[in-house]
Amino acid sequence: MGSEKDPRIIVHLCFLTVFLFSTFLTWREALVLKNTYEVNQQIRLTTVAVTLDRQFQFSLDALGFYRSMLSYALTSPIDSDNSRQAARLFDQQRNNPVWRLNLNTQRSLPLNGLSDSWIKHYPVLNRDNPQRLRDELSAALEFSFILQFSDPERDFQTRTWYLSRGGFYVSSTPPLNDNDVLESYRGMIQRDYFTFMHPDNNPQRQHYWTPVYNGLLNEGATVTVTVPVDSGHYWYGVLAMDFSREAIHRQLQRALQQKHQGVVLLYDHQLNVLASSDMQLGISGHALSASEKQQLQAALQQGVRGELRFGTRFVTWDKLRGFNGVIVNIQTLHEGLKGDAGRIVLVLILMWLVFSLILLGSHYAITRLITQMMRLQNKLEWRANYDGLTRLYNRAAFFDLCEHSAAQCQRSGRPLALIQMDIDFFKSVNDNYGHHAGDLALSHAACIITQSLRKMDIAGRVGGEEFCLLLPETHLQDAVAIAERLRQKLAQKELLVSSDKTLKLTASFGVASSEEQGDYQPASLQSLADGRLYKAKQSGRNRVCWQS
Ligand SMILES: Nc1nc2c(ncn2[C@@H]2O[C@H](COP(=O)(O)OP(=O)(O)OP(=O)(O)O)[C@@H](O)[C@H]2O)c(=O)[nH]1
């Protein structure tokens, strides 16, 4: 009859705790793996970046060497037969629209130039100082002598060239014809890699990397690095190196010897693709969208390497030092999961799923078992307290509850009444209509009692055909009136005991109250009421008796 806590709540809590704990552990483990994966990705990319960087650095070192060599030759010109011959040849040809200067005595590359009248159209070009021009021609020929040793098969750079403001240039890949000379020179002096080298634009005399552009004479995607050549505070021209996309791509593939996941791309500083491990994807530009590039650009301002997340794609990036660009690795979730860390995460999630399913199954089985046990317990409890036939309290439960209620009335000084009721000639009901009819009669009487009760009243079956009602806060006369109403209700109603038989029941009542003797004991009141019931029986039954 007590209201204990549902034991299933504890079970739910225990299972929830285990589930949350296992989820937390799995999540922690996955987090550690994720961090390991990210660090590994970064390390791998840095390795590629360092390899590629080294190649660019070799070229930049060579460029630095050529620049020093040219500056030195310009500062300390050699007055040799060769230089005199070069000056003579130049003077002979300088008015030709296109000229080429090549000394037979020297295994050098040709100087390719344009006429005096042509260069007059470009204020940045200058042939005004004859001595300076002679010294520069001599230095350029010396440079060309060294330049002829460059090997396009072996070198990373595809071409090295010197572009003079004196209206000529020399290149490791000499022009094929006069038109080439004109087109190349005119194109080169208009490019930013040349104009930026003007002391006004580049007072620090730094080197400059172009973004990817389409090389002159349909040479395809190229990047160029240039340095100014100065001597005696005079800007002579620029020294440059071209790198073709194919050459950079080859180097990237070499650097990627290690098995890599995802796409690795080399971007210039404007985030144009220079090379890609997947040329199809990389060059078509689908690797990163415009907004993703914006995010990458913002990240590049913050540091030299890092990582980004674009939806389900994980991106690591590393700025190159020898080249003004960034190397990027883009990995999809699918590719990530195919890696070592990804596979472990999958196994981990699978284990967590299996564990959770087992947990769910166990939870279901245990709660089911507890529910069944609770049902059984409730049944037993009910049986221990109630009468199965009338569904009223049995004798023991009735008196237990009465004790409690009587004590309350006594404490509050309110009256307590008790009605003892016994069905008249019940034996004859059994005898005449059978036990089943007797049972029906008992249920019928119990039903009438239940309908007449207030919430605080207690009714019980205390004997075979005997009922007892405890009425708290009720005066004797009120209890008598209640008993009278019960008597009349029972006597009026006909009970159908079989398809063709009905019977009318009557009952006798004995009523007692605490007001009479100031005794609140339910047993005493019942004994008093029982005596009055006996009196009612004696005096003809079907009546209520409240006096001894
Ligand atoms: N059908 C049925 N009969 C019961 C049950 N419990 C007790 N009885 C019967 O009730 C009858 C009680 O009879 P008695 O005590 O002689 O009294 P009575 O016939 O009602 O006569 P008065 O009380 O003097 O009016 C007995 O025959 C019991 O067998 C029950 O649960 N079901």
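Modeller: A residue counts as buried if 20 or more other C-beta atoms lie within 10 Å of its own. This is a predicted model.

Biologist: What share of the protein chain counts as buried?

Modeller: Of its 548 residues, 33% reach that mark.

Biologist: What makes a residue part of the shell around the ligand?

Modeller: Its C-beta atom must lie within 6 Å of the ligand. By that test, 16 residues surround the ligand. Among the closest are F426, K427 and H435.

Biologist: Which element gives the most to the shell?

Modeller: Helix α14 does, with 4 residues. β14, α13 and α14 each supply at least two.

Biologist: How many residues of the shell are charged?

Modeller: There are 7 charged residues, beside 5 nonpolar and 4 polar ones. Asp, Glu, Lys and Arg count as charged, so K427, a Lys, falls in that class.

Biologist: How do you know that β15 and β16 pair?

Modeller: Two strands pair if there are at least two bridges between them. β15 and β16 are joined by 4 bridges, so they pass. They run antiparallel, and A459 stands opposite L469 in β16.

Biologist: Why are β15 and β20 called edges?

Modeller: The open sheet has the order β15-β16-β14-β19-β20, with mixed pairing. β15 and β20 each have a single partner strand, so one side of each lacks a neighbour in the sheet.

Biologist: Which strands does helix α15 lie across?

Modeller: It lies across β14, β16, β19 and β20, at about 170 degrees to β19. Helix α17 also lies across β14, β16, β19 and β20, at about 140 degrees to β19.

Conventions. Residues numbered from 1 in each chain as written. Predicted model: local features only at pLDDT ≥ 70, side-chain atom pairs only at ≥ 80, totals over all residues. Buried ≥ 20, exposed ≤ 12 C-beta atoms within 10 Å, placed from the backbone. Contact = placed C-beta atoms within 7 Å. Axes fitted to C-alpha atoms, helices over the stretch in contact; angles between N-to-C directions.
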